[in-house]
Amino acid sequence: MARVTASVYTSHVPAIGVALDLGKTDEDYWQPLFAGYQPSKQWMADNTPDVIFLVYNDHATAFSLDVIPTFAIGTAAAFRVADEGWGPRPVPDVIGHPVLAAHIAQEVIMQDFDLTVVNKLPVDHGLTVPLSLMFGQPGGGRPGGGRDAAWPCPVIPFAVNVVQYPVPSGRRCLALGRAIRRAIESYPEDLDVQVWGTGGMSHQLQGPRAGLINPEFDNAFLDSLIADPEATAEIPHVDYIREAGSEGIELVMWLIARGAMSDMSDQGGPTPTVRHRFYHVPASNTAVGHLILEETV
Amino acid sequence: MAAEQRAAPSTTTTAQGAKPYDDVPGTTIFDTDQARKGYWLNQFAASLMSAANRTRFLADERAYLDEWEMTEEQKQAVLDRDLNRMIALGGNIYFLARIGATDGRSFQQMAGSMTGMSEEDYRAMMVAGGRTPQGNRYRSEWEASGGPNSTPNDQGAAQAEGQKG
């Protein structure tokens with residue numbers, strides 16, 4: 001049977017992708033950030049899963065205002081890297097896992113979460129920056145040279161609307177994570193699956209309040225996400241907006257990954273092991289947060 | 001957080017009355033009301049994800065804008081590259097970022113341009129830990145103080161460090 005082995009949480013700032021793609025990672029500005037992901041790259045090399053279920057948000061890339069799915073699962077065989085206005089990132093297209101994705105769609109919809117099923121889904125920095133951070137740049141990090149390489153494992157993209165309100169509640173996201181875990185565990189093939197939650201932490205990209213960062217909120221969120229996800233799930237939208245900036249709302253997506261861990265399941269389980277925790281300000285306009293939670297065995 | 005906030009039926013938006021986020025200063029939440037106003041403005045901006053459209057837009061901005069059912073006010077805000085105005089008229093930052101990308105501007109340059117700070121000052125604020133939440137949580141705080149608090153989070157720490165040294 002398939003199983004969830006770990007969950008990974010990380011910000012997905014576009015400027016991090018630019019720094020990687022232009023070979024700027026050793027610059028004074030960026031060095032502390034990439035140093036914080038060094039242990040993660042080693043951990044990924046030691047714990048490469050068979051599939052990553054990657055929760056992210058589309059930034060008005062695949063979805064315009066014509067169609068706004070609250071939760072969308074990518075069931076295609078491959079997903080091309082989108083041109084977000086600066087040209088596509090020089091990283092490989094993402095290979096999907098259509099059979100597992102279709103199974104999860106079936107099992108999650110039967111648990112009353114009405115997912116949108118998407119086969120044409122160009123993926124933006126929300127999905128590719130976390131892959132670059134955790135795996136390093138495919139193709140040996142040659143600037144602009146990674147298009148022909150490959151990511152180390154298939155990825156199922158799972159897009160959440162956090163751009164146009166109403167966006168889903170934290171409570172709904174945590175419950176969805178639980179449903180995703182049940183779906184993964186009912187898949188007959190023996191697969192190791194990681195569930196990633198991305199976006200955040202505090203940031204505001206618009207208006208006269210742009211640039212807001214709240215380290216106290218962010219660190220309290222990390223503590224609470226680890227130890228008391230049920231309480232974290234009760235944070236109302238307006239608290240994210242006020243405390244973590246208008247774009248800090250992306251953090252609700254972390255609750256989907258957290259809901260997929262065994263201690264949140266019906267059977268219950270041990271609190272996950274914190275394999276790595278990192279926090280850094282700034283990456284461009286944003287506070288970067290990162291966690292690796294392993295199932296405790 | 002207050003219990004009554006949690007119990008509120010919606011933390012998002014309705015067509016009726018006040019919204020829970022109305023009292024957050026310097027912030028426009030892209031909700032269904034804003035999206036309705038900004039539909040064509042945002043769809044125009046989304047069209048700039050294609051290199052061919054970027055070229056055509058830059059060659060004759062006015063002509064390109066006239067192909068869209070935008071209001072004159074929205075078109076003028078685009079021509080002026082006035083992001084705060086575009087957001088007031090229903091724009092969303094992720095859509096509007098396509099205009100910035102077409103101009104070769106980064107997210108940091110775009111965000112900074114909305115704060116009234118110079119690009120250098122905004123960057124310095126971010127490097128020093130970003131804008132503090134202190135004094136920036138409620139409209140009433142801005143009304144009392146005359147506007148946003150642009151003090152960076154690390155200034156207190158930096159000053160303490162300086163005193164030590």
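Two strands pair if DSSP finds at least two bridges between them. Helices (H or I, at least four residues) and strands (E, at least two) are DSSP runs, numbered from the N terminus.

The model is predicted: local features need pLDDT of at least 70, side-chain atom pairs count only at pLDDT 80 or more, and totals for chains, interfaces and linings use all residues. Residues are numbered from 1 along each chain as its sequence is written, and chains are lettered from A and ligands numbered from 1 in the order in which they are written.

**Exercise 1. Find the partners of strand E8 of chain A, and judge how covered E8(A) is.**

Step 1. Start with strand E1 (residues 3–10) of chain A. E1(A) and E8(A) run parallel, joined over 7 bridges. One contact to locate: Thr10(A) has Thr198(A) in E8(A) as its bridge partner.

Step 2. Turn to strand E2 (residues 51–56) of chain A. E2(A) also pairs with E8(A) in the parallel sense, over 5 bridges. Here Leu54(A) is bridged to Trp196(A) of E8(A).

Step 3. Check burial. A residue is buried if 20 or more other C-beta atoms lie within 10 Å of its own, exposed if 12 or fewer, and partly exposed in between; C-beta atoms are placed from the backbone. E8(A) spans residues 192–198, and 6 of its 7 residues are buried.

**Exercise 2. Lay out the whole sheet and explain its edges.**

Step 1. Write the order: E6-E3-E7-E2-E8-E1-E10-E9 in chain A, an open sheet of 8 strands with mixed pairing.

Step 2. Read off the ends. Strands E6 (116–118) and E9 (273–283) of chain A each have a single partner strand, so one side of each lacks a neighbour in the sheet.

Step 3. Add the twist. Neighbouring strands are turned by 20 degrees against each other on average, direction ignored. Axes are lines fitted to C-alpha atoms, for helices over the stretch in contact, and angles run from 0 to 180 degrees between N-to-C directions.

Step 4. Inspect the E9 end. E9(A) and strand E10 (residues 286–294) of chain A are antiparallel over 8 bridges. His280(A) stands opposite Val288(A) in E10(A).

**Exercise 3. Place two helices on the sheet.**

Step 1. Helix H6 (residues 170–185) of chain A touches E1, E2, strand E3 (71–74) and E8 of chain A, at about 145 degrees to the direction of E1(A). Contact means C-beta atoms, placed from the backbone, within 7 Å.

Step 2. Helix H7 (residues 215–227) of chain A touches E9 and E10 of chain A; its direction makes about 15 degrees with that of E10(A).

**Exercise 4. Describe chain B.**

Step 1. Count elements: 11 helices and 0 strands.

Step 2. Assess burial: 38% of its 165 residues count as buried.
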